[in-house]
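Student: Could we go through this structure together? I would like to start with how exposure is classed and then move on to the salt bridges and strands.

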Amino acid sequence: MPLKAYGVLVTRAVDTRREGSVDTPHYQIHLTDDQGTHYRASVNVKSQERPSELLYLVNDDFQHPVTAHLEGLASGWNTLPPGPGGPNLDFVRGNLFDPAKMRTLPPDVQGPDNDLADLLDHYVRRAVDDPAARLYVFGERFGPEPSVRDKVFGFLPGNGVHDIHMNQGNSARFQDDDGVWQDGGLLIHFPAQSRWVGVFLAFQSQSWHTDDVTGHTIVPDGGGSRPEPGSQPVRIVAALVNPRGPAPESENVTLINASPDPVDLTGWRIADRLGHTCPVPAGQLAPGASLSASLADGVQLGNSGGQITLLGADGLKVHGVSYTAQQAAREGWTVVF
């Protein structure tokens, strides 16, 4: 079953605490909202399963349509109903980043700037020092516990957020936490610089091909594993989102085969942010060649921002991109990813 209390906490950071590298260490953040309520964000920096090092990706100039949904949320805890179209995070369906760009870091190592806690500290301490900065912490809420003081920072009542990482495609041990549109993450907004920073974490034991309803791992026919999204040679490189002329407009998506071998696109499809799909022209895409695929069958690329996903013949994600309203604003211009 999915997380019981998924949502996003909108707060400012006031302090941090690092835990050691034994057991299941976390990077702890002390937070307060505009009403003076205290919270703790407990961020995993080590997995309980092997390999223990987490996958991470930091985008220090994060641009995605999800930020437009966040700016209107109230300070404090915001429960988020499941499904697309809102501020929810989904590492597989939301095209927040390219999974192939994630890297691993040890949880806690002697010396500066060489472990995951150091990396988190770099960005969160910047937010602590900036009174205008706001943290948007996605995950599952714990508490409030009226008679229990927080075990790290000592405030009362105990209150906070955990599961600030990918929450789908888990191994059998943690499969009960699987769900879609309920991934954890940390977004930091620095208004003075008009900048968002995105911090995304996942366990190496998790799968990037998950069921659209349950979030459980999709096991390939005959066993084995499938390549991660973003690691295959055919990619989305551009899209004409806002063509000139009256609606309905003729939108298109450009693909490229970056490999030295031809790729058969028969049965491949393109999906929009609501999951509507249309076919890609069938046949072989030559090495280094590009292809412009016109959209049909109700697939639409909205001008207020959205996602575009490329699906293989087996229906699984091959690659995905996103664009913002600002990127789509210029009529007739192609958005290049």
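Tutor: Buried means under 20% relative accessible area, exposed means over 50%, and partly exposed is in between. Asp15 has a relative accessibility of 29%, so Asp15 counts as partly exposed. Please keep in mind that this is a predicted model.

Student: Which side chain does Asp15 meet in a salt bridge?

Tutor: Asp15 meets the side chain of Arg125, with an N to O distance of 3.7 Å. Arg125 belongs to helix α2 (residues 116-129) and Asp15 to strand β1 (residues 6-18), so this salt bridge ties together parts that are 110 residues apart in sequence. Arg125 is also partly exposed, at a relative accessible area of 29%.

Student: How many salt bridges are there in total?

Tutor: The count comes to 9 salt bridges. Side chains of opposite charge can pair when their charged atoms come close. Among the residues involved, Arg18, Asp115 and Asp118 are linked in a network.

Student: What about Asp34: which side chain does it pair with?

Tutor: Asp34 forms a salt bridge with Arg134, at 3.9 Å from N to O. This pair links distant parts of the chain, 100 residues apart: Asp34 is in the loop between β2 and β3, and Arg134 is in strand β7 (residues 134-145).

Student: Is Asp34 buried or exposed?

Tutor: Asp34 is exposed, with a relative accessible area of 57%. Its partner Arg134 counts as partly exposed, at 24% relative accessibility.

Student: And where do Asp98 and Arg235 lie?

Tutor: Asp98 is in the loop between β5 (76-79) and β6 (103-105), while Arg235 is in strand β11 (residues 234-240), so their pairing ties together parts 137 residues apart in sequence. The two side chains meet in a salt bridge of 2.7 Å, N to O. Asp98 counts as buried at 12% relative accessibility, and Arg235 counts as partly exposed at 22%.

Student: Let us change topic to β11. Which sheet holds it?

Tutor: β11 is part of an open sheet of 4 strands in the order β17-β12-β11-β20, with antiparallel pairing. β17 (290-294) and β20 (335-336) are the edge strands, each pairing on one side only.

Student: How many bridges join β11 to β20?

Tutor: They pair in the antiparallel sense over 2 bridges. Ala238 stands opposite Val336 in β20.

Student: Which loop contains Glu251?

Tutor: Glu251 lies in the loop between β11 and β12 (252-257). Glu251 is buried yet has no salt bridge. The nearest side chain of opposite charge is that of Arg273, 10 Å away.

Student: What surrounds the side chain of Glu251, then?

Tutor: Leaving aside residues up to four places away in sequence, Glu251 touches Leu240, Val241, Pro243, Ala293, Ser294, Leu295, Val299, Gln300 and Leu301. A polar atom of the Glu251 side chain lies 3.0 Å from the backbone nitrogen of Leu301.

Student: Back to β3. Is it enclosed or open to the outside?

Tutor: Strand β3 (residues 38-44) has 6 of its 7 residues buried, so it is largely enclosed by the rest of the structure.

Student: Which strands pair with β3?

Tutor: Strand β2 (residues 26-32) pairs with β3 in the antiparallel sense over 7 bridges. Strand β8 (residues 158-162) pairs with β3 in the parallel sense over 2 bridges. Arg40 takes part in both pairings: its bridge partner is His30 on the β2 side and Gly160 in β8.

Student: What happens between β2 and β3?

Tutor: The two strands form a hairpin with 5 residues between them, and Gly36 takes a positive phi near 90 degrees there.

Student: One last sheet: in what order do β14, β15, β18 and β19 come?

Tutor: The order is β15-β14-β18-β19, in an open sheet with antiparallel pairing. Its edge strands are β15 (277-279) and β19 (317-324), each of which pairs on one side only. Neighbouring strands of this sheet are turned by 20 degrees against each other on average, direction ignored.

Student: And how many bridges join β14 to β15?

Tutor: Strand β14 (residues 269-271) is joined to β15 by 3 bridges, and the two run antiparallel. Within this pairing, Arg269 has Pro279 of β15 as its bridge partner.

Notes:
Residues are numbered from 1 along each chain as its sequence is written. This is a predicted model: local features need pLDDT of at least 70, side-chain atom pairs count only at pLDDT 80 or more; totals for chains, interfaces and linings use all residues. Side-chain values use heavy atoms; hydrogens and water are left out. Two strands pair if DSSP finds at least two bridges between them. Axes are lines fitted to C-alpha atoms, for helices over the stretch in contact, and angles run from 0 to 180 degrees between N-to-C directions. Buried means under 20% relative accessible area, exposed over 50%, partly exposed in between (1.4 Å probe, protein chains only). A salt bridge is a side-chain nitrogen of Lys or Arg within 4 Å of a carboxyl oxygen of Asp or Glu. Lys and Arg count as positive and Asp and Glu as negative; His and the chain ends are not counted. A polar contact is a pair of N or O atoms within 3.5 Å; within protein, one must be able to donate a hydrogen and the other to accept it, and residues adjacent in sequence count only if both atoms are side-chain atoms. Contact means heavy atoms within 4.5 Å.
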